[in-house]
Amino acid sequence: ADIFIENGGTYFDTAFVYDNGGSEAAFKKAVADRYPRNAYTICTKLNAWHGAHDKESARQEFFTSLERLGTGYLDFYLLHALQKDNAHLYDDYGIWKFVKEQQAKGLIKHWGFSFHSTPEHLDQILTEHPDAELVQLQINYLDWNDAVAQSGKCYEVAAAHGKDIVVMEPVKGGQ
């Protein structure tokens with residue numbers, strides 16, 4: 001973290017479920033406890049389908065993450081890994097409304113979702129939730145024209161909706 005920040009890097013990405021919360025705690029120890037709040041931006045994610053089992057446990061992930069990170073507020077907050085088989089949980093648990101409420105309280109600066117599905121599904125979600133500010137997409141040379149990831153087509157859908165895009169998997173895990 002020190003070399004990254006010293007060289008102008010600011011954006012850190014983690015999630016409630018990464019390493020059973022160890023990633024968020026490690027960020028606090030390595031960055032939040034050692035640098036002023038304006039020296040970094042932090043993104044974490046709420047996962048309504050892995051670990052959460054109802055509306056309350058899904059919402060509690062937000063407060064647990066905020067405590068683990070020790071940052072006071074989140075620069076970016078994402079609904080985690082939306083796919084065809086789990087996206088309905090974010091609706092069922094009222095998470096879209098919940099994140100907007102936390103944003104209104106100043107606890108979230110910007111919010112959106114990370115995505116792993118088809119361009120058609122992405123278009124549906126963005127049409128149903130036009131106030132999402134950004135989308136995190138898996139974009140790299142191997143996935144751009146891949147028949148499953150369809151990164152290029154997903155990028156085009158997000159751009160057509162005027163959404164900011166955060167890139168994940170830029171080097172495809174080193175492949």
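Okay, let's start with one residue, V17, which sits in the loop between β1 (11-13) and α2 (22-32). Before I go on, please keep in mind that this is a predicted model. So, is V17 buried or exposed? Its relative accessibility is 18%, and the cut-off for buried is under 20%, so V17 counts as buried. What does V17 touch, once we leave aside its neighbours within four places in sequence? The answer is N47, H50 and H80. For a sense of scale, take C154, which we'll meet again later: V17 and C154 are 137 residues apart in sequence, and their C-alphas are 25 Å apart in space.

Now let's step back to the sheet. There are six strands, and they form an open sheet in the order β1-β2-β3-β4-β5-β6, with parallel pairing. Which strands are at the edges? Those are β1 and β6, and each of them pairs on one side only. If you look from strand to neighbouring strand in this sheet, they're turned by 30° against each other on average, direction ignored.

At the β1 end, β1 pairs with strand β2, residues 41-46, in the parallel sense and over three bridges. If you want a spot to click on, Y11 stands opposite T41 in β2. Helix α3, residues 55-69, packs on the sheet there, and it touches β2, β3 (74-82) and β4. The direction of α3 makes about 150° with that of β2.

While we're on α3, have a look at its partner helix, α5, residues 95-104. The axes of α3 and α5 come within 11 Å and cross at roughly 30°. Angles under 35 degrees count as roughly parallel, so that's what we call these two helices. The crossing is right-handed. Which residues make the contact? On the α3 side you have A58, R59, F62 and F63, and on the α5 side I95, F98 and Q102.

Right, over to β5, residues 134-138. How many of its five residues are buried? Five of the five, so to speak: the strand is mostly covered. As a general point, side chains in a regular strand alternate between the two faces of the sheet. In β5 both faces are covered, with L134, Q136 and Q138 buried on one side and V135 and L137 buried on the other. Note the two glutamines, Q136 and Q138, in that buried set.

What's on either side of β5? One neighbour is strand β4, residues 108-115, which runs parallel to β5 and is joined to it by three bridges. The other is strand β6, residues 164-168, also parallel to β5, with five bridges. V135 is a handy landmark here: it is the bridge partner of F113, and it is also paired with I165 in β6.

How does the chain get between these strands? β4, helix α6 (residues 119-128) and β5 make a right-handed β-α-β unit. Then the chain crosses from β5 through helix α7, residues 151-160, to β6, and that crossover is right-handed too.

So let's look at α7 itself. It packs on the sheet and touches β4, β5 and β6, and its direction makes about 170° with that of β5. Which residues of α7 are buried? They are S151, G152, C154, V157 and A158, and there's C154 again. The elements covering them include β4, α6, β5 and β6.

Last stop, some backbone angles around here. In general, most residues other than glycine have a negative phi. Q150, in the loop between β5 and α7, has a positive phi, near 50°. Q150 is also buried, with a relative accessible area of 16%. After α7 comes G162, with a positive phi near 75°, but that one is a glycine. And then there's E169, in the segment after β6, with phi near 60°, positive again in a residue other than glycine. Is E169 buried or exposed? Somewhere in between: E169 is partly exposed, with a relative accessible area of 36%.

That's my tour, so over to you.

Technical notes:
Residues numbered from 1 in each chain as written. Predicted model: local features only at pLDDT ≥ 70, side-chain atom pairs only at ≥ 80, totals over all residues. Heavy atoms only, no water. Buried < 20%, exposed > 50% of the residue type's maximum accessible area, 1.4 Å probe, protein only. Helix = DSSP H or I, 4+ residues; strand = E, 2+ residues; numbered from the N terminus. Pairing = 2+ DSSP bridges. Right-handed = clockwise from strand over helix to strand, strands pointing away. Contact = heavy atoms within 4.5 Å. Axes fitted to C-alpha atoms, helices over the stretch in contact; angles between N-to-C directions. Parallel < 35°, antiparallel > 145°, perpendicular 65-115°, else oblique. Left-handed = near helix turned anticlockwise from the far one by under 90°.
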